Structure formats: structure tokens, C-alpha cells
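Colleague: I am new to this one. Could you take me through it and show me how each label is earned?

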Amino acid sequence: MLSLVDNFLLRLRFREKGLLLVLIPLVFEIVFVVVLSCSYAAAQSEARAAEHGQRVLAIADSITNALFAVGASMFVGSTDPTLIQARFEAFESNLERLLTSLIDETKGYKEEAAFVDDLVSSTRDLQSRVHQMEEILRNPLRMISQSDFRAARKQSHKSLRQIAESLDKLNAYERSSSG
């Protein structure tokens, strides 16, 4: 009793048997290559996403370091207004560069862009408050302006908290999406 496969193979000519001998492994190789190339493309995509996340985290970390540095350098060690002004101007240009880098890096990433928009808004508010405090300090009638200065300082602390929250949210998002 011959099975159907045996019967089929007995009917084939030698050339057809050779063709089957070549085609069957070839089909498996093609399937293997397709699966392998799809896996490679997925791995590349994940690697690009991880690199992007690392760049965003590095920029966010630089912004955090810049904020700590300016806070320490502006309000500790020197009361010379020109030195404080020079430090703040250097900080502002560095911060502008970092924010521009962060905005550029997150273009096309909708969720990240929302965190960055919050961060930029809070940072602009902080810059405005610090400029307001500078103007108050330059006022010759400082006694009258003391309450204004306290209000501006309180608002700048609020802006700093908002910046920290935005950076925390961005960090948490990047860590969750890359891990």
C-alpha cells in the first residue's frame, strides 16, 4: 500500500524531483530571510527610539544642571549686580540653546512636544520673573519695591516648581518609552 506522497513521487520525472529538491529548501530560506529582515528593521527602530530618548534625557539633564548652576551663582557668593547680570545673561543664552535643541529633538513626537511646550512656557515665565526682580533691584526706591520683589520671587519659585514638574514628566515618559 503506497501512500499518496509515495505515489505522487513515483509519478514524477527525474527533472521534477530535482526541482522539488531545490525549491523546498529555497522556500524555507526565503521565509527565514523575510522574518530575519523584519526582526532587523524592528531592532533598528527600537535602537533609534532609545537613542532619541537618551538625547532628550541628556538635554533635559543639562537644563536641570543649568537651572541649579544659575540659582547657586546668582544668589550665593556675590551681590555685585553687574556680575549677577553677566551670569544671568550667560545662563539665558545657554538655556535658549538647550531649549532650541530640545524643541528640535522632539519635533514629530507629539507626546514629548506637549511636555516640552510646558517646559518652555514655565522657563519663559521664570525668565520674565527674574527680569522683573532685576528691575526692582535697580529701583532706587527699594523700600517701596520690597513687596513687589517678594511677589516676583514667589512667582519665580512657582515657575521653578513647574519646570521641575515638566522635566520630571518628560524624564518619566522617556524612561517608560525606552524601557
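What follows is a short exchange about this predicted model and the reasons behind its labels.

Colleague: What makes up the chain, helices or strands?

Modeller: Five helices and zero strands. From the N terminus on, the order is α-α-α-α-α.

Colleague: How do you know how far to trust the prediction?

Modeller: Look at pLDDT. The chain has a mean of 80, and 83% of its residues reach 70 or more. Confidence is highest in α2, at 86. It is lowest in helix α1 (residues 4-11), at a mean of 71. As a general rule, where pLDDT is low, the predicted coordinates should not be read in detail.

Colleague: Why is phenylalanine 88 called buried?

Modeller: Its relative accessible area is 2%. Buried means under 20%, so phenylalanine 88 qualifies. Phenylalanine 88 sits in helix α3. Its C-alpha atom is 6.8 Å from that of valine 70, although 18 residues separate the two along the chain. Across the chain, 27% of the 179 residues count as buried.

Colleague: Which residues have the most contacts inside the largest nonpolar core?

Modeller: Ile63, Phe91, Leu102, Leu119 and Leu170. That core has 24 residues. Four helices each supply at least two of its residues: α2 (14-75), α3 (81-105), α4 (110-138) and α5 (142-178). In general terms, nonpolar side chains tend to be buried together in soluble globular proteins.

Colleague: What does leucine 119 touch, leaving aside its neighbours within four places in sequence?

Modeller: Leucine 119 is in contact with Ile63, Leu99, Leu102, Ile163, Ser166 and Leu167. For the chain, take contacts with a separation of 6 or more. Residues 24 or more positions apart account for 70% of them.

Colleague: What makes arginine 124 and glutamate 96 a salt bridge?

Modeller: Their side chains meet at 2.7 Å, N to O. The cut-off is within 4 Å, so the pair passes. This pair links distant parts of the chain. Arginine 124 is in helix α4 and glutamate 96 in helix α3, 28 residues apart.

Colleague: Why are both partners called partly exposed?

Modeller: Arginine 124 has a relative accessible area of 34%. Glutamate 96 has 32%. Partly exposed lies between under 20% and over 50%, so both values fit the label.

Colleague: How many salt bridges does the rule give?

Modeller: The count comes to four. Among them are arginine 13 with glutamate 16, at 3.9 Å, N to O, and aspartate 104 with lysine 107, whose closest N and O atoms are 3.5 Å apart. Both distances are within 4 Å, so both pairs count.

Colleague: Why is arginine 13 called exposed, but glutamate 16 partly exposed?

Modeller: Exposed means over 50%, and arginine 13 has 59%, so it is exposed. Glutamate 16 has 33%, so it falls in between. The other pair splits in a similar way. Lysine 107 is exposed at 57%, and aspartate 104 is partly exposed at 44%.

Colleague: Which residues form the nonpolar patch on the surface?

Modeller: Leu19, Leu23, Leu26, Ile30 and Val34. Together they have about 430 Å² of accessible area. Leucine 19 is found in helix α2.

Colleague: And what does the chain expose as a whole?

Modeller: About 12,500 Å². Carbon and sulfur atoms supply 62% of that area.

Notes
Residues numbered from 1 in each chain as written. Heavy atoms only, no water. Core = buried A, V, L, I, M, F, W, Y, C linked by side-chain atoms within 4.5 Å. Buried < 20%, exposed > 50% of the residue type's maximum accessible area, 1.4 Å probe, protein only. Contact = heavy atoms within 4.5 Å. Patch = residues over 30% accessible without salt bridge, like charges linked within 9 Å, V, L, I, M, F, W, Y side chains within 5 Å. Areas by Shrake-Rupley, 256 points an atom, 1.4 Å probe, with all protein chains shown as cover. pLDDT = per-residue confidence, 0-100.
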